[in-house]
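This report concerns the structure shown below. It addresses the strands and their pairing, one inter-strand loop, and charge on the surface.

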Amino acid sequence: MTARLQRDDEVMVIAGRDKGKRGKIQRVLPDNGKVLVDGVNIVKKHQRAGAGGARQAGIIDKEMPIHASKLMPVCPACNEPTRVAIRVLEDGRKSRMCKKCEGMFS
């Protein structure tokens, strides 16, 4: 199965408070339909100290997953956010392709 968004893809946020930000996908959570993107959807978390000082107490910044529908992949060839087409190659493999410039995603 070829997914629209995959790990290590560069994406752009198209909706929400982080609209316009770009980042690289760290992790895909297909069960929730969410994606963890580097530097996007950062929240403040009030954290209690762990047992024996294992964790630092205080307010920390944490990246939270963002819904995949709020993201658009950025084409590596034309460097613009684009929709993705799935093409079947001559050898039978599926590949993702940019709808604007018809460049292939890695």
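## Pairing of strands 1 and 2

In which sense do strand 1 and strand 2 pair, and over how many bridges? In this predicted model, strand 1, covering residues 10-13, and strand 2, covering residues 22-29, are joined by three bridges, and the sense of their pairing is antiparallel. One residue pair can be named here: M12 has R22, in strand 2, as its bridge partner.

## The open sheet

Strands 1 and 2 belong to an open sheet of five strands, arranged in the order 6-3-2-1-7 with antiparallel pairing. At its edges lie strand 6 (66-67) and strand 7 (71-73), each of which pairs on one side only.

## The loop between strands 1 and 2

The loop between strand 1 and strand 2 contains I14. With a relative accessible area of 36%, I14 falls between the limits of 20% for buried and 50% for exposed, and I14 is therefore classed as partly exposed.

Although I14 and K70 are 56 residues apart along the chain, a distance of 5.5 Å separates their C-alpha atoms.

## Positive charge on the surface

A surface patch of positive charge is formed by K45, R48, R55 and K62. Of these residues, R48 is placed in the loop that runs between strand 4 (42-47) and strand 5 (58-63).

Is R48 buried or exposed? The relative accessible area of R48 is 72%, so R48 counts as exposed, the cut-off for that class being over 50%.

How values were computed. Residues are numbered from 1 along each chain as its sequence is written. This is a predicted model: local features need pLDDT of at least 70, side-chain atom pairs count only at pLDDT 80 or more; totals for chains, interfaces and linings use all residues. Side-chain values use heavy atoms; hydrogens and water are left out. Patches are made of residues with over 30% relative accessible area and no salt bridge: like charges are joined within 9 Å, nonpolar side chains (Val, Leu, Ile, Met, Phe, Trp, Tyr) within 5 Å. Accessible areas come from the Shrake-Rupley method with a 1.4 Å probe; for residues, only the protein chains shown count as cover. A salt bridge is a side-chain nitrogen of Lys or Arg within 4 Å of a carboxyl oxygen of Asp or Glu. Lys and Arg count as positive and Asp and Glu as negative; His and the chain ends are not counted. The place of a charge is taken as NZ of Lys, CZ of Arg, CG of Asp or CD of Glu. Helices (H or I, at least four residues) and strands (E, at least two) are DSSP runs, numbered from the N terminus. Buried means under 20% relative accessible area, exposed over 50%, partly exposed in between (1.4 Å probe, protein chains only). Two strands pair if DSSP finds at least two bridges between them.
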